[in-house]
Structures are given as structure tokens and as C-alpha cells.
Amino acid sequence: MPDSARPDVRRTIEAVWKLESARIVGGLARLVHDVGLAEELAQDALVAALEQWPAAGVPDNPGVWLTTVARRRAVDHIRRAQTATAQTATAQTAAAGTLALEEEQDDVLRLLFVCCHPALERDARIALTLRLVAGLANAEIARAFLVDEPRVARRIAAAKQILAAEGAGFTRPGTASTAGRLSSVLEVLYLIFNEGYSATAGEDLIRADLCREALRLGRMLAELVPGEAEVHGLVALMELQASRAAARIGPTGELVLLHEQNRGRWDRLLIRRGFAALLRARETSSPPGPYVLQAAIAVCHAQAPTAEATDWHRIAKLYDALVRLLPTPVVQLNRAVAIGMAYGPEFGLTEADALQSIPALRDYYLLPAVRGDLLSRLGRPAAARREFERALLLTQNRAEQEFLHRRATEMAGQNKSPAAADAAAAVDAEAAATAETLGEAAAAFLAKGGLDPATLRSYRQTFTRLRRALGDSLLIDELTADVVATVCTTAWGSAAPRTWNRHRATIRSFGVWCGRPEIATELIRRAEKASPPGGGLPAAGLSGADLTAPWADSRHPLRERVFWLLLHESAAPVSTVLALNVEDLDLDDRRARVGGRWVTWRAATARLVPDLIAGRASGPLFLTARRPAPDAPADRCPHTGRARLSYERAEYLFKRATGHTLKQLRTAAR
């Protein structure tokens with residue numbers, strides 16, 4: 001296939017993978033009983049597609065192709081790992097190749113319940129399901145959680161380890177197993193739907209594939225547990241929200257708000273299905289839960305023939321009931337919108353202002369967007385513009401960015417009369433000559449000389465938070481001590497004293513520099529704990545038994561045993577050991593030079609290293625177990641094509657085998 005066709009093939013692969021990955025991982029997990037391993041085997045099939053399809057062409061049924069390749073990888077794994085009799089191995093291999101069609105169709109739902117295993121914490125359940133079932137990237141999950149991306153990655157890795165340790169069952173969920181997992185499953189389904197209904201990043205506002213998948217799983221779940229009101233309530237909510245999808249996007253892809261939508265474009269079939277699902281929820285005679293209440297709110301919108309006819313007073317009362325059951329920051333923000341529509345923007349603004357000190361909302365773009373809308377309705381365009389600009393900095397979705405930019409531009413040009421416009425222009429010109437904005441002052445402060453790289457990096461972290469919270473267009477003269485204290489408390493109130501004091505020092509320096517030292521007066525320095533002798537934190541070591549067991553156990557792969565033993569005998573940093581190359585090894589003297597330092601080992605390591613090298617003359621000493629994707633970084637073995645083992649993977653493998661960290665291993669060795 002010509003090179004010009006390869007981007008199209010890659011897009012095809014990505015599209016097929018989004019549709020099929022959850023089903024493939026679910027089926028593999030049922031075979032190997034390890035979701036982490038199942039995901040790795042599925043990734044092998046994806047790599048094979050990336051390598052073969054550009055040359056051979058896209059197969060007639062790409063989903064079946066990926067499934068077949070992934071299952072072959074699973075069968076190969078079962079054969080390699082089999083330690084019982086040859087007859088048992090043959091039986092397992094045959095079972096792996098003859099899966100019943102009805103079981104295959106349940107794989108996604110089965111995987112969903114496994115990811116919501118009771119052994120996992122709530123946040124870990126949701127993160128793992130969004131990763132494996134919905135196929136979301138870690139960054140997208142972080143946005144859904146309102147947390148940072150590294151935390152999501154840690155949650156997912158820990159969740160896989162726990163499931164492997166628990167030996168989580170991969171049978172079809174029955175009535176008994178649904179009791180403890182249902183609330184997590186429902187929460188996950190709604191997060192998947194929301195990511196599809198309003199994508200956190202990218203070019204498209206709506207990811208219809210995620211909406212369809214969440215609805216499909218929800219309908220399956222409703223059949224599995226027909227007596228659960230909340231399941232039907234969630235299905236009703238998703239049906240009703242999905243009915244508005246076509247009207248949410250304008251002719252050029254722009255975002256259209258609810259009150260501006262053409263209600264003739266709403267899908268009447270989905271609305272009827274939503275009504276029917278809500279009736280099924282009410283027939284259970286259970287008290288209304290959060291999803292039933294949200295579905296009732298969606299019904300209010302669906303029943304109104306026009307935006308003006310919407311019963312906002314009833315919606316506000318429903319939100320009052322909802323916030324008592326589910327007092328999350330996002331629900332409280334939605335309640336503020338409803339109050340502003342029912343009773344006036346001034347009441348809604350009061351409610352929204354009270355939410356600004358909630359840390360979970362500090363980077364949530366809808367809070368400043370809601371405040372901007374309420375301020376514009378109150379006739380305060382300058383303040384509204386600043387809020388829309390803040391929201392613009394916090395969203396990564398192109399359609400939402402364009403919408404917020406349009407609103408900010410409207411606020412900048414909004415005046416009541418030509419005379420008022422002339423007066424405003426004169427005031428703006430005078431202000432521009434005498435005052436700086438926060439964005440301008442921050443840029444000038446960071447551009448001044450005499451700052452070392454570490455200090456500059458620290459200063460930028462502080463100003464990034466200030467500018468996101470307050471907006472670049474805020475005049476320095478309007479910056480007050482109480483506003484700064486609110487921002488700092490929301491951002492770093494629970495941080496370590498050292499972190500708090502670092503940001504406080506930055507703001508004090510900035511205040512003195514711009515002639516406003518009073519802005520830091522409410523930031524009180526916190527006492528810092530003294531470091532232990534020698535600096536750093538004490539690390540727990542390992543006992544002699546712990547140290548002997550891992551590499552002495554031949555059931556562990558050779559690569560892991562050599563790595564652990566070498567790390568123990570050399571006491572070198574983990575990253576240094578992982579950076580070893582075959583060509584740098586001096587096997588006779590039992591040493592290697594890495595980055596200007598020598599790493600040495602003893603007899604036990606020396607006996608195993610030749611077997612690990614296996615005739616290789618160059619390349620990384622410690623390799624991944626699988627070949628990387630064709631466009632992966634080029635740090636790989638020239639003989640096998642495999643990449644260098646990463647720190648994250650090495651840490652995961654050691655934790656899974658011993659329950660300890662590599663840092664503890666090295667500390668004990670030292």
C-alpha cells in the first residue's frame with residue numbers, strides 16, 4: 001500500500017479499536033483472568049494491525065481480525081504458562097478457541113462488573129472502567145475526575161494489581177454480584193455518556209460512539225436487573241439527553257445552548273424511550289434516587305414546547321431534592337443555574353459565588369462560564385468577559401473554546417448606546433495608560449532578569465494558578481488580599497507547608513515588585529517540619545527473607561530476577577540500572593559504565609546475565625516483553641526490535657511479585 005494511504009489506514013485502525021477494544025479486552029480477561037494482561041494482549045493485536053494493514057490492506061471484517069489475533073496471543077500465553085499436564089493444557093487451549101457466541105456478546109458487560117469489583121476503591125473502579133471499557137485516555141479520565149493525569153495513571157495501575165491479587169472472577173454477573181457494585185457501575189456508565197455528550201478535548205463536541213456504548217450497556221443492565229429503579233432512571237436520563245444531541249451543534253459545528261436549540265431537531269423516538277424508562281423506574285415503587293431525579297429534570301425540558309415555557313421553578317425544586325441526596329460540586333453548580341433561571345440571575349450568582357472556594361471546581365471551566373452568563377444577564381459585561389476568558393483557558397474542546405471566545409467578544413463590545421460606547425472607550429483608554437492587567441504584570445514579572453531556572457519554573461506554577469482563577473484581564477488595581485487568599489486556599493490549602501510557603505513567597509515578591517505588597521497580607525506562613533538527619537524521608541527496608549525470595553524463585557521470568565538481583569547487589573539507582581546497554585557490560589570485571597558512573601555486581605548476578613543477553617551484542621539490557629508500535633520511540637534492541645523496559649513497568653512487576661517498591665529494595669541493599 002502506498003505511503004499516502006497509510007494515514008487513512010491508521011485512522012481506520014483507531015476507529016475500529018475504539019469500537020472493539022472493550023469487547024476484546026473483556027473476552028481476553030475471561031480467558032486469562034487478569035485485566036492487566038488482557039489489555040497487554042489486546043495491545044499486541046493493535047500493534048499487529050498497525051504493522052500489517054498498511055501493507056496488506058484493511059481486512060473485510062477488521063473487528064474479527066483483531067479478535068482472532070488477540071485470542072491467539074492469549075492461547076500462546078496459556079500454553080507458555082501452563083504448569084499442569086499436557087492434557088489440561090490442551091483442554092484450556094481448546095476452550096479458548098471455541099467461545100460461545102452468547103458469552104462473547106456479554107464480554108463488555110462482564111468486564112464492566114469486574115472493573116467495579118468490591119476490592120477496589122470507588123475512584124479506582126471508575127478510572128479502570130473508563131480506561132478499559134470506554135477506551136478513554138488518562139487525560140480524558142482526569143478531566144472527568146477533576147484531578148491530575150498522573151493520579152489517574154496510578155489509580156489504574158493499582159487497580160489492575162489488586163484485581164490480579166484478588167483473582168477476580170470473570171463469570172457473567174448474577175443477581176447476588178450486582179448488589180455491591182451497582183452504584184459504581186451506574187456512575188461509570190454516566191461518566192462514559194457525559195464524555196461522549198460533551199467531550200473534554202479534541203475537535204468534536206460530541207463523541208457519538210461513547211454515547212451509544214453507554215446507552216447500550218445501560219439497556220443491557222436494565223434487562224439484567226429490572227427491579228432497580230436507579231438503573232431505569234439512568235437509562236431514561238441518557239435517552240433524554242441523547243435526544244438533544246443533533247440540536248446541540250450548529251451548521252458550522254458551533255455549540256448551541258439549550259435555550260437556543262431548535263426543538264424540532266430533538267429525537268422524538270429517544271424522548272419516548274426516555275419517558276418509558278422513567279415510567280419503569282416509578283413502577284418499582286422505590287423512592288426516587290439521584291438518577292431518577294435527574295431524569296425528571298430532563299423530562300421538564302423535553303415537555304416544554306419552547307425554552308420560555310420551561311418550568312424552571314419545578315426544576316429548581318428537583319435540584320433542591322437532588323442536592324440533598326447527591327451534594328457534589330457539579331450538582332450544586334447546576335442548581336445555581338436553575339435558581340438563576342427560576343428566581344433571577346442575582347440569586348443564581350450568589351449560589352455560584354459560594355462554590356468558588358471548592359477545590360474540585362478550581363479548574364472546572366463551567367463555573368466561570370456560568371458566572372459569566374449570570375453577570376451578563378445582570379448587565380455587567382466587563383466582569384462577564386473576564387469570566388468567559390477564564391473559562392476559555394480551562395477547556396480543551398475546540399467547539400467550547402470557540403463558543404466562549406464568542407461570548408467574551410460579545411461582552412467586550414456590549415454597550416447600551418453610542419454615547420455610552422464613546423464614554424466606555426474613553427475610560428478604557430485612560431485605564432490602559434495607567435493600569436496593567438494581571439496577565440501583563442505576570443508576564444513582565446517573569447521576564448525580569450536574575451531568576452534561575454528552578455525559581456522561574458516555581459514562579460510560573462504560581463502565576464498559572466492565579467491567572468486561571470482570576471483571568472488575565474483583571475486589573476492589578478482590582479487585585480485584593482481576600483481574593484488572593486481565596487485562590488491560594490482553594491489551590492494549596494491542603495498542600496504541605498513547604499509548598500504553601502513557596503507559593504506565598506512568590507506572591508509576596510510579586511506584590512512588592514508591582515507596588516501592591518498588601519495583596520499577600522492574609523497569607524500566613526506555615527511552620528515546616530524539620531527533615532531527618534541526612535535529609536530526605538526515612539524509607540522502610542525489607543527483611544532478609546523478603547530480599548531473598550524474589551530472584552530465588554524460578555517461577556519469576558529471568559528478566560525480572562536479573563533486574564532485582566542486580567539492583568540489590570549494586571545498590572545503584574533504579575533508573576541507572578534500567579539504562580544499562582549490552583555493549584557497555586564488562587562481564588569479566590562484573591561492572592558497566594552508565595552516564596559517568598560505574599555499576600558493579602557480584603557472583604549471583606554474573607551467573608544470570610549471560611542467559612539474559614542470549615547472544616545480543618548491543619541494545620538495552622532489560623527489554624519489554626512485547627514489540628512496541630511502529631511509531632514508538634527508537635530506543636529498542638536492534639536484534640529483537642523490543643524497547644527498553646520502563647521504570648513504571650518495572651515498578652509494577654516488582655509490586656505485583658513482592659508487595660514492595662523498588663525504592664525499598666534499593667534502600668535495603670544500601
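**Helix α26, the nonpolar cores and a three-stranded sheet**

In this predicted model, helix α26 comprises the 17 residues 497-513, which at 1.5 Å a residue should span 24 Å; the C-alpha atoms at its ends lie 24 Å apart, in agreement with that expectation. Several residues of α26 are buried, namely Trp-500, Asn-501, His-503, Arg-504, Thr-506, Ile-507, Phe-510 and Gly-511. An α-helix has 3.6 residues a turn, so residues three or four places apart point the same way. The cover over the buried residues of α26 includes α23 (438-447), α24 (453-470) and α25 (481-492). After α26 comes Gly-515, which has a positive phi near 75 degrees.

The largest nonpolar core contains 88 residues, of which Leu-28, Leu-66, Leu-128, Phe-193 and Leu-221 touch the most other members. When residues up to four places away in sequence are not counted, the contacts of Leu-66 are Val-16, Trp-17, Ile-24, Ala-45, Leu-46, Ala-49 and Trp-53. A second core, separate from the largest one, has 29 residues, among them Leu-578, Trp-601, Leu-612 and Phe-654.

Three strands form an open sheet in the order β3-β4-β5, and their pairing is antiparallel. Strands β3 (585-586) and β5 (597-600) occupy the edges; each has a single partner strand, so one side of each is left without a neighbour in the sheet. Between β3 and the antiparallel strand β4 (residues 591-594) there are two bridges. Within this part of the sheet, Asp-586 is placed opposite Arg-591 of β4.

Key: Residues numbered from 1 in each chain as written. Predicted model: local features only at pLDDT ≥ 70, side-chain atom pairs only at ≥ 80, totals over all residues. Heavy atoms only, no water. Helix = DSSP H or I, 4+ residues; strand = E, 2+ residues; numbered from the N terminus. Expected span 1.5 Å × (residues − 1). Buried < 20%, exposed > 50% of the residue type's maximum accessible area, 1.4 Å probe, protein only. Contact = heavy atoms within 4.5 Å. Core = buried A, V, L, I, M, F, W, Y, C linked by side-chain atoms within 4.5 Å. Pairing = 2+ DSSP bridges.
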